[in-house]
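I opened a notebook for this structure and put down what I looked up, entry by entry. The turns come before the rest.

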Amino acid sequence: MIKKLIVIGLMMLGTLSFADGKYEIQEERLEKTLTQEFKHSKGEFDVDIYDSMVNIKLEINQFSYDKNMDVKSMEDSIKAIVKRDYPEIKDLNFTVEVDKAVGEDEVVYTNTTAI
């Protein structure tokens, strides 16, 4: 009896570990779209969607980061893409983070806005 409960418990735990979230496919699709759209940014996008909000983080290597990068224009373009492809999302949190080789990563831009 105890073995059955343990096996059932492990199966339930395994099922939960595979359920990364109901938005996983949308997150991956948006990451791919952003990567293709902003090839010049030389960074990696990380997208998290929760209910009606999307969090997008652009991580850029410190050696590839250009201080003159027009982040606001990039944010506006991302907002347009999200509005076009994901009309159920109402808010956008956009963060640009410089990934440093030594020391703490540096957040150089962050903004939360309605779409």
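**Entry 1: the β1-β2 hairpin.** I began with the hairpin of β1 and β2, where two residues sit between the strands and Asp51 takes a positive phi near 50°. The model is a predicted one, and I read every value below with that in mind. I placed Asp51 in the loop between β1 and β2. Its phi is positive in a residue other than glycine. I noted this because most residues other than glycine have a negative phi. I then looked up how Asp51 is covered: its relative accessibility is 43%, so Asp51 counts as partly exposed. That value falls between the cut-offs of 20% for buried and 50% for exposed.

I followed the two strands away from the turn. β1 and β2 pair in the antiparallel sense, over eight bridges. Which residue of β2 is the bridge partner of Gly43? I found Ile60 there.

**Entry 2: another positive phi.** I looked up Lys42, which lies in the loop between α2 and β1. Lys42 is not a glycine, yet it has a positive phi of about 55°. Is Lys42 buried or exposed? Its relative accessibility is 59%, so I entered Lys42 as exposed.

**Entry 3: the whole chain.** I stepped back to count elements and found three helices and four strands in the protein. Read from the N terminus on, the order is α-α-β-β-α-β-β. Of the 115 residues in the protein, 28% are buried. I also looked at contacts with a separation of 6 or more: residues 24 or more positions apart account for 51% of them. For the accessible surface of the protein I wrote down about 8,100 Å², with 54% of it belonging to carbon and sulfur atoms.

**Entry 4: the sheet.** I traced the four strands through an open sheet in the order β1-β2-β3-β4, and its pairing is mixed. Why does one side of β1 and of β4 have no neighbour in the sheet? β1 and β4 (106-114) stand at the edges and have a single partner strand each, so one side of each is left free of a neighbour in the sheet. On average, neighbouring strands of this sheet are turned by 15° against each other, direction ignored.

**Entry 5: β3 and β4.** I went on to strand β3, residues 91-99, which pairs with β4 in the antiparallel sense over eight bridges. The two form a hairpin with six residues between them. In that turn, Gly103 has a positive phi of about 90°. I checked two positions along the pair. Glu97 stands opposite Val107 in β4, and Asn93 has Thr112 of β4 as its bridge partner.

**Entry 6: Asn111.** I picked one residue of strand β4, Asn111, and listed its surroundings. Leaving out residues up to four places away in sequence, Asn111 touches Lys72, Glu75, Leu92, Asn93 and Phe94. I also took a distance: the C-alpha atoms of Asn111 and Thr95 are separated by 6.6 Å, with the two positions 16 residues apart in chain numbering. At 25% relative accessibility, Asn111 counts as partly exposed, because the buried class requires a value under 20%.

**Entry 7: helix α2.** I checked the length of α2, which has 14 residues (24-37). At 1.5 Å a residue the helix should span 20 Å, and its end C-alpha atoms are 20 Å apart, which agrees.

Which residues of α2 are buried? I found Glu27, Leu30 and Leu34. Seen down the axis of α2, these buried residues fall within an arc of 70°, so they line one face of the helix. The spacing fits the general rule: an α-helix has 3.6 residues a turn, so residues three or four places apart point the same way. On the other side of α2, I noted Ile25 and Lys32 as exposed.

I then asked what the buried residues of α2 pack against. They pack against β1 (43-50), β2 (53-61) and α3 (71-85). The helix α2 lies across β1 and β2, and it runs at about 150° to β1.

How values were computed: Residues are numbered from 1 along each chain as its sequence is written. This is a predicted model: local features need pLDDT of at least 70, side-chain atom pairs count only at pLDDT 80 or more; totals for chains, interfaces and linings use all residues. Side-chain values use heavy atoms; hydrogens and water are left out. The expected span of a helix is 1.5 Å times one less than its number of residues. Buried means under 20% relative accessible area, exposed over 50%, partly exposed in between (1.4 Å probe, protein chains only). The arc is that of the directions from the helix axis to the C-beta atoms. Contact means heavy atoms within 4.5 Å. Accessible areas come from the Shrake-Rupley method with a 1.4 Å probe; for residues, only the protein chains shown count as cover. Two strands pair if DSSP finds at least two bridges between them. Axes are lines fitted to C-alpha atoms, for helices over the stretch in contact, and angles run from 0 to 180 degrees between N-to-C directions.
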